Every structure is written in C-alpha cells, then in structure tokens.
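Me: I am new to this structure and would like a close look at a single part of it. Please take the open sheet and describe what surrounds it.

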Amino acid sequence: MSTNEPTDDAPPSPPAPSPASADEATPDARPQSTRDDTPPADASPSAEPSVEPKLNIDDLHFWYSDNHALQGITMDVQPNKVTALIGPSGCGKSTLLRCLNRMNELIQGTTLEGTILVDGQDIYAEDTDPVMVRRRVGMVFQKPNPFPKTIYKNVAWGAEINGYTGDVDALVERSLRQAALWDEVKDQLHTSALNLSGGQQQRLCIARTLAVQPDVVLMDEPASALDPIATSKVEETITELKKDYTIVIVTHNMQQASRISDETAFLYMGRLVEMNPTDELFTRPEKDRTEAYVTGRFG
Ligand SMILES: Nc1ncnc2c1ncn2[C@@H]1O[C@H](COP(=O)(O)OP(=O)(O)OP(=O)(O)O)[C@@H](O)[C@H]1O
Ligand SMILES: [Mg+2]
C-alpha cells in the first residue's frame with residue numbers, strides 16, 4: 001500500500017525573494033515562432049520552450065482557528081490552462097482557491113504560512129496590496145450573484161471601481177463576448193440582470209470578473225447550480241477563456257473536470273495527494289487514494 005501524503009511536518013520554508021518590481025507586467029510573451037527551420041547551433045533537439053508557471057504555491061498551510069485546513073500544499077499552475085481542484089467535501093478545495101487571491105484573510109481568526117507567487121510575485125509579501133491581488137486574480141462563485149442592477153452596470157462595475165479611463169461600452173461588450181453572453185443580451189443591456197436565467201447570470205458574473213481585466217480566474221463550482229444546458233455553455237466559455245486567462249476551477253463533477261481541465265489536482269484532508277495532466281490522473285492515477293476517489297470507491 002502506498003502512502004499518498006507527505007508525512008513529515010517540515011516547518012514552513014522561508015519566504016521566497018520578491019521580484020524587484022511588479023509594476024506593469026509586460027504583455028504576455030508569446031512563444032516566438034521560428035521562421036526558418038534551422039535550429040540554432042546550440043539548441044538541443046528535445047528542448048521545449050520553458051514556460052514559467054503562472055502560480056507557484058509552496059508549502060502552503062492554512063488554519064481556521066485551530067483547524068489545520070491546508071497542510072503543506074505545493075503545486076504549480078501553468079498559464080493558459082484550466083487546472084481543476086477535486087476531492088471530497090471538506091478537503092480544502094475552496095480554502096485553497098480563496099488563498100490564491102487573499103480572500104481567506106477576510107475571515108477572522110485565520111493563519112496562513114507558506115508562499116504563493118503570481119508571475120513570480122509573492123502575493124502575501126508585506127508590500128503587496130491585497131486589492132491589487134484580487135484585481136489580478138478574479139473569482140467567480142458557486143451561486144451566480146449579480147447585483148440588482150442592469151446587465152450593463154453589473155459588467156461596468158469593476159471598471160468603475162478601478163477608475164477605468166478607457167471606453168466602458170467597449171469593455172462591457174468585450175467582457176460579455178468573452179463570457180459568451182453578448183449575443184443573448186446585447187438588446188437588453190439596460191434591463192435588470194435579475195431577469196436573466198441562472199446560466200446567463202453565471203456568465204454575467206464571469207463577464208463582470210473579466211471586466212476587471214484579471215490574469216487568473218478562480219471558479220468555485222461555477223456550474224453546480226445550473227442545469228445541463230447552462231452547464232455546457234459555462235464549460236464552453238471556460239474552454240474559450242483559457243486562451244487569454246489562467247483558470248483554476250473547483251468541481252465536484254469528475255466528468256466536468258475531465259471535459260474542461262488540462263491538469264487536475266486531487267486533495268484529501270488538506271493535503272495534495274496527486275497533481276497530473278487530467279487524462280493521466282483519471283486513467284492512470286499514481287496513487288491508490290486517487291484511484292479510489294476517481295473510480296467512486298469513496299468520497
Ligand atoms: N469560513 C470558515 N470558517 C471556519 N472553517 C472553515 C471555513 N470554511 C471552511 N472551513 C473548514 O475548512 C475545511 C475545508 O473546507 P473547504 O470549504 O475548503 O472544503 P471544500 O473542499 O471546498 O468542501 P466542499 O466540497 O464541501 O465545498 C473544513 O474543515 C471546513 O469546515
Ligand atoms: Mg468548497
């Protein structure tokens with residue numbers, strides 16, 4: 001029988017050095033295409049372009065009072081991929097997600113140790129502004145929660161609170177298009193968001209998150225309150241979004257994880273048991289406990 005979780009209770013590692021400057025990130029460095037087929041003299045034939053992880057989580061511990069909810073999570077999240085977090089109820093999925101944009105610290109009596117880097121920047125460093133972190137790492141919740149305002153105002157809200165000086169109409173349209181809702185609502189932008197269906201409301205909440213122009217979008221069971229048709233619309237939207245964003249999604253639905261995610265992390269009792277490309281994790285899990293979970297033997 002294999003032991004799946006790390007057993008040593010190593011003390012948290014010292015904080016990683018912060019980068020010299022985190023101001024205006026350079027626009028996405030896309031891999032350069034080689035126009036001529038001749039490789040440079042020193043290129044090894046198997047060398048792949050190395051991609052820096054978008055998120056780097058190192059020995060993360062989190063407590064609600066004395067409840068040690070996350071116990072040494074170490075994982076990287078790759079840019080422009082969908083990473084799914086799965087595991088039984090209470091294993092810490094939502095807690096981990098909320099650590100990624102400092103939302104947990106809004107809860108009293110909590111303690112965090114360890115390091116989380118976004119593009120190499122320590123988001124818990126003393127000089128990091130949590131509001132900036134939440135702007136850069138947006139969150140979509142389980143239940144659609146539009147404001148009781150018009151569709152337009154729901155989407156424009158993020159721009160307004162950020163003092164956006166660009167063309168708000170264009171931002172609203174772009175965000176609604178990215179959330180695959182534009183065609184359905186373009187003629188009713190100034191009517192109440194509460195008249196939309198549940199699935200439309202959830203895509204509106206995705207648009208609202210995108211309008212703040214984050215890099216990373218966190219989603220906590222975004223389709224669990226939706227019917228199958230609305231769910232598949234949200235899933236299609238997520239698949240489209242990864243071209244522009246890095247997505248981390250919590251889901252209880254393993255079919256959903258296998259449909260939409262590139263990598264899957266399986267958590268159990270506050271620990272990361274296994275993280276692997278999704279097809280591998282579901283078809284050839286490394287750990288017995290993962291296999292038991294994905295085959296439905298527990299959970
Ligand atoms: N706001 C909170 N205050 C106190 N304890 C909390 C809070 N949120 C979660 N916990 C505790 O932290 C642990 C992890 O909970 P979490 O909500 O992260 O699990 P989860 O994997 O998201 O579960 P589910 O699948 O049911 O949503 C649980 O023991 C839970 O009781
Ligand atoms: Mg949860």
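Reply: Strand S3 (residues 82–86) is a convenient place to begin, as it pairs with S8 in the parallel sense over 4 bridges. Within that pairing, Val-82 has Ile-247 of S8 as its bridge partner. Helix H7 packs on the sheet here and touches S3, S7 and S8, its direction making about 145° with that of S8. The model is a predicted one.

The whole sheet comes next. It is open and is formed by 6 strands in the order S6-S7-S8-S3-S9-S10, with mixed pairing. S6 and strand S10 (271–277) stand at the edges; each has a single partner strand, so one side of each is left without a neighbour in the sheet. From one strand to the next, the twist averages 20°. Strands of a sheet pair through backbone hydrogen bonds, and the pairing is either parallel or antiparallel.

Strand S7 (residues 216–220) is mostly covered, with 5 of its 5 residues buried. In a regular strand the side chains alternate between the two faces of the sheet. In S7 both faces are covered: Val-216, Leu-218 and Asp-220 are buried on one side, and Val-217 and Met-219 are buried on the other.

S7 has a partner in strand S6 (residues 137–140), which runs parallel to S7 and is joined to it by 4 bridges. There Gly-138 stands opposite Val-217. S7 also pairs with strand S8 (residues 246–250), again in the parallel sense, over 5 bridges. In this pairing Asp-220 stands opposite Val-250 of S8. Between S7 and S8 the chain passes through helix H7 (residues 228–241), and this β-α-β crossover is right-handed.

Another helix, H6 (residues 198–210), lies across S6 and S7 and runs at about 170° to S6. H6 is also one of the elements against which the buried residues of H3 pack, along with helix H4 (168–178) and helix H5 (182–185). Helix H3 itself covers residues 151–161, and its buried residues are Ile-151, Tyr-152, Asn-154, Val-155, Ala-156, Gly-158 and Ala-159. An α-helix has 3.6 residues a turn, so residues three or four places apart point the same way. After H3 comes Gly-163, with a positive phi near 65°.

Now to the loops that lead into strands of the sheet. Asn-80 lies in the loop between S2 and S3. Its phi is near 55°, a positive value in a residue other than glycine. Most residues other than glycine have a negative phi. Asn-80 counts as partly exposed because its relative accessibility is 31%, between the limits of 20% and 50%.

Met-269 is found in the loop between strand S9 (263–268) and S10. Met-269 also has a positive phi, of about 45°, although it is not a glycine. At 56% relative accessibility, Met-269 counts as exposed.

Ser-261 lies in the loop between helix H8 (254–260) and S9. With a relative accessible area of 8%, Ser-261 is buried. Its side chain reaches the backbone oxygen of Ala-257 at 2.6 Å, and a polar contact of 3.2 Å joins it to the side chain of Thr-264. Leaving aside neighbours within four places in sequence, Ser-261 is in contact with Val-82, Ala-84, Gln-256 and Thr-278.

Ala-69 is found in strand S2 (residues 67–77), and it is buried, with a relative accessible area of 13%. Not counting residues up to four places away in sequence, Ala-69 touches Phe-62, Trp-63, Tyr-64, Cys-91, Thr-95 and Gly-270. The C-alpha atoms of Ala-69 and Arg-271 are separated by 8.6 Å, though the two residues are 202 residues apart along the chain.

Cys-91 and Thr-95 lead to the ligand. Ligand 1 has 15 residues around it, of which Ser-89, Gly-90, Lys-93, Ser-94 and Thr-95 come nearest. An oxygen atom of ligand 1 is 2.5 Å from an N or O atom in the side chain of Ser-89. For Ser-94, a polar side-chain atom lies 2.8 Å from an oxygen atom of ligand 1. With Cys-91 the backbone is involved: one of its polar backbone atoms is 3.3 Å from an oxygen atom of ligand 1.

Definitions and conventions
Residues are numbered from 1 along each chain as its sequence is written. Chains are lettered from A and ligands numbered from 1 in the order in which they are written. This is a predicted model: local features need pLDDT of at least 70, side-chain atom pairs count only at pLDDT 80 or more; totals for chains, interfaces and linings use all residues. Side-chain values use heavy atoms; hydrogens and water are left out. Helices (H or I, at least four residues) and strands (E, at least two) are DSSP runs, numbered from the N terminus. Buried means under 20% relative accessible area, exposed over 50%, partly exposed in between (1.4 Å probe, protein chains only). Contact means heavy atoms within 4.5 Å. Two strands pair if DSSP finds at least two bridges between them. A crossover is right-handed if, with the strands pointing away from the viewer, the path from the first strand over the helix to the second runs clockwise. Axes are lines fitted to C-alpha atoms, for helices over the stretch in contact, and angles run from 0 to 180 degrees between N-to-C directions. A residue is near a molecule or strand if one of its heavy atoms lies within 4 Å of it. A polar contact is a pair of N or O atoms within 3.5 Å; within protein, one must be able to donate a hydrogen and the other to accept it, and residues adjacent in sequence count only if both atoms are side-chain atoms.
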